[in-house]
Amino acid sequence: MFLLLHLIQLLLGIIAVSTTGYGQAIPSSNYESFAGCKKGWVLPKRPFLVVTTVSLLNCAETCSRTSGCYSINACRQPDSSMRCILIADFSRNGCAGLEAMSNCRHLQNSQAVAMMAANPCFNGGSYINSACSCVWGFAGTTCERIVRGCREAYVLGVRGMGFYEIQPFGSPISYIVYCNCMWVGTIFAFKRIIPPPPSCQPISYNRTWDEYKKGFGDINCEYFLGLETIYQLNTYEKFQWNIYNLVDGKPFPAASIYLESTVLQSEATDYTIDFVRIFTRSFEHGDDAFDQSQKPRKFCTFDRDCGGCAGKEGGGWWFTTSCSGGAITAAADKMYWPVNGVDKVINETYIQLDHMLYY
């Protein structure tokens with residue numbers, strides 16, 4: 001169910017939050033539809049929570065118990081369950097404010113106007129002691145905005161891992177990223193397990209430029225966020241890139257390195273990468289296989305290659321002139337990372353983007 005919820009969140013462009021009681025629950029009988037559009041309509045507003053319920057009534061009950069929920073879009077799924085979409089808004093124009101969508105119904109609380117007037121908080125926030133308490137994933141004095149990034153979500157109390165919608169300061173658009181809020185709040189940019197879990201199909205990393213630009217894979221198996229999204233995120237905030245390698249079948253110590261103050265330039269430069277320095281920690285012992293002696297350098301794929309390196313190694317990467325550079329996208333039989341000068345077999349490898357403001 002957890003994975004299903006996050007898949008829904010990714011497809012809808014929303015984030016996961018927790019529900020909060022808001023006074024006495026409003027009876028679900030207070031939820032009503034409009035006479036001219038009872039079935040096959042939804043309110044086209046950003047939801048703040050999506051859950052799965054067994055019925056339309058259960059969905060209305062969930063809204064009645066959730067702070068800041070004024071209406072619902074309930075959509076019947078192929079397995080007969082109900083995708084229950086909670087919204088911190090309502091239609092003020094009857095059917096004219098709705099959009100057609102098959103297998104869905106829109107209901108809104110008959111007391112929504114009075115409830116909203118008594119609660120100045122947006123996006124499901126609760127008005128407590130003359131201040132807004134925001135649900136996870138939203139921030140601001142009145143919960144009016146999406147969190148700036150995974151780090152802010154962590155600071156505001158989010159824990160665990162999952163897809164979140166973030167909107168960096170100054171960005172006109174938001175992005176869906178997989179946050180690691182178990183510790184400080186980082187963004188998963190890359191994940192690879194060798195061999196992949198039994199439930200996952202092996203994927204090839206010998207992919208086209210366009211595939212690396214857009215991203216590919218499944219976060220539950222193997223995953224790459226995409227060069228263009230990483231570039232856009234780096235435009236609005238400075239990141240340290242953490243490359244974690246688990247080697248020789250052991251979870252610790254990791255053979256890891258850190259690229260401080262990394263800059264990724266646009267596609268026009270072939271997503272050229274640069275950084276201040278590479279360092280590791282004494283207990284991790286990761287050698288500089290990335291090779292900071294050659295920077296900046298361009299990204300390469302077999303159909304946009306640099307000296308034939310991508311074709312030779314079996315995956316896209318920021319290769320050095322000698323086709324080295326610690327490519328963790330290489331063919332499986334070439335997946336090694338040096339530790340104190342000795343090549344170790346990589347079992348799992350990750351790139352996480354760490355907000356430099358944390359430091």
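A residue is taken as buried when its relative accessible area is under 20%. Trp317, at 3% relative accessibility, therefore counts as buried. The model in which this tryptophan sits is a predicted one, and the paragraphs below go through its overall make-up, its disulfides, its aromatic contacts and a patch on its surface.

The protein chain has 359 residues, and buried residues make up 51% of them. Its secondary structure comes to seven helices and 22 strands. Measured out along the principal axes, the C-alpha trace spans about 70 × 45 × 40 Å. One pair of residues helps to give a feeling for these dimensions: the C-alpha atoms of Gly125 and Cys300 are separated by 46 Å, with their positions 175 residues apart along the chain. Gly125 itself belongs to the loop between α3 and β8. With a relative accessible area of 0%, Gly125 is buried.

Cysteine pairing comes next. The structure holds ten disulfides, and three of them are described here in turn. In the link formed by Cys59 and Cys84, the sulfur atoms are 2.0 Å apart. This link is right-handed, with 85 degrees about the S-S bond. Distant parts of the chain are linked in this way, since Cys59 is in helix α2 (residues 56-64) and Cys84 in strand β5 (residues 82-87), 25 residues apart. Both Cys59 and Cys84 are buried.

A second disulfide joins Cys121 to Cys132, with an S to S distance of 2.1 Å. Here the torsion about the S-S bond is about -95 degrees, so the disulfide is left-handed. Cys121 lies in the loop between α3 (112-118) and β8 (126-128), while Cys132 lies in strand β9 (residues 131-133), so the pair ties together parts that are eleven residues apart in sequence. The loop that holds Cys121 is also where Gly125 is found, between α3 and β8. Cys121 is buried, as is Cys132.

The third example is the disulfide of Cys309 and Cys323, whose sulfur atoms are 2.1 Å apart. With -80 degrees about the S-S bond, this link is left-handed. Cys309 is in helix α7 (residues 309-313) and Cys323 in the loop between α7 and β21 (336-339), so that distant parts of the chain, 14 residues apart, are linked. Cys309 counts as buried because its relative accessibility is 2%. Cys323, with a relative accessible area of 13%, is buried too.

Cys181 makes a useful contrast. The closest cysteine sulfur to that of Cys181 is in Cys179, and at 4.9 Å it is too far for a bond, because a disulfide requires sulfur atoms within 2.5 Å. Cys181 is nevertheless buried, with a relative accessible area of 0%.

Aromatic contacts are also present, and the count comes to 19 aromatic pairs. The ring centres of Tyr212 and Phe299 are 5.3 Å apart and the planes stand at 55 degrees, so the pair is tilted. Tyr212 lies in helix α5 (residues 209-214) and Phe299 in the loop between β20 (277-279) and α7, so the pair ties together parts that are 87 residues apart in sequence. Tyr212 and Phe299 are both buried. Another aromatic pair, formed by Trp317 and Trp318, is edge-to-face, with 5.3 Å centre to centre and 70 degrees between the planes. Trp318, at 2% relative accessibility, counts as buried, and Trp317 is likewise buried at 3%.

Rings also meet charged groups in this model. Over the ring of Phe216 sits the charged end of Arg207, 4.2 Å from the ring centre. In a second case, the charged end of Arg304 sits over the ring of Trp209, 4.1 Å from its centre.

The surface has a nonpolar patch formed by Met161, Met182 and Trp183, which together have about 330 Å² of accessible area. Met182 is placed in the loop between β13 (175-180) and β14 (186-193). At 57% relative accessibility, Met182 counts as exposed, because the cut-off for an exposed residue is over 50%.

Key. Residues are numbered from 1 along each chain as its sequence is written. This is a predicted model: local features need pLDDT of at least 70, side-chain atom pairs count only at pLDDT 80 or more; totals for chains, interfaces and linings use all residues. Side-chain values use heavy atoms; hydrogens and water are left out. Helices (H or I, at least four residues) and strands (E, at least two) are DSSP runs, numbered from the N terminus. Buried means under 20% relative accessible area, exposed over 50%, partly exposed in between (1.4 Å probe, protein chains only). Rings of Phe, Tyr and Trp (its six-membered ring) pair if their centres lie within 6.5 Å; planes under 30 degrees apart count as stacked, over 60 as edge-to-face and the rest as tilted. A charge sits over a ring if NZ of Lys or CZ of Arg is within 6 Å of the ring centre and within 35 degrees of the ring normal. Patches are made of residues with over 30% relative accessible area and no salt bridge: like charges are joined within 9 Å, nonpolar side chains (Val, Leu, Ile, Met, Phe, Trp, Tyr) within 5 Å. Accessible areas come from the Shrake-Rupley method with a 1.4 Å probe; for residues, only the protein chains shown count as cover. A salt bridge is a side-chain nitrogen of Lys or Arg within 4 Å of a carboxyl oxygen of Asp or Glu.
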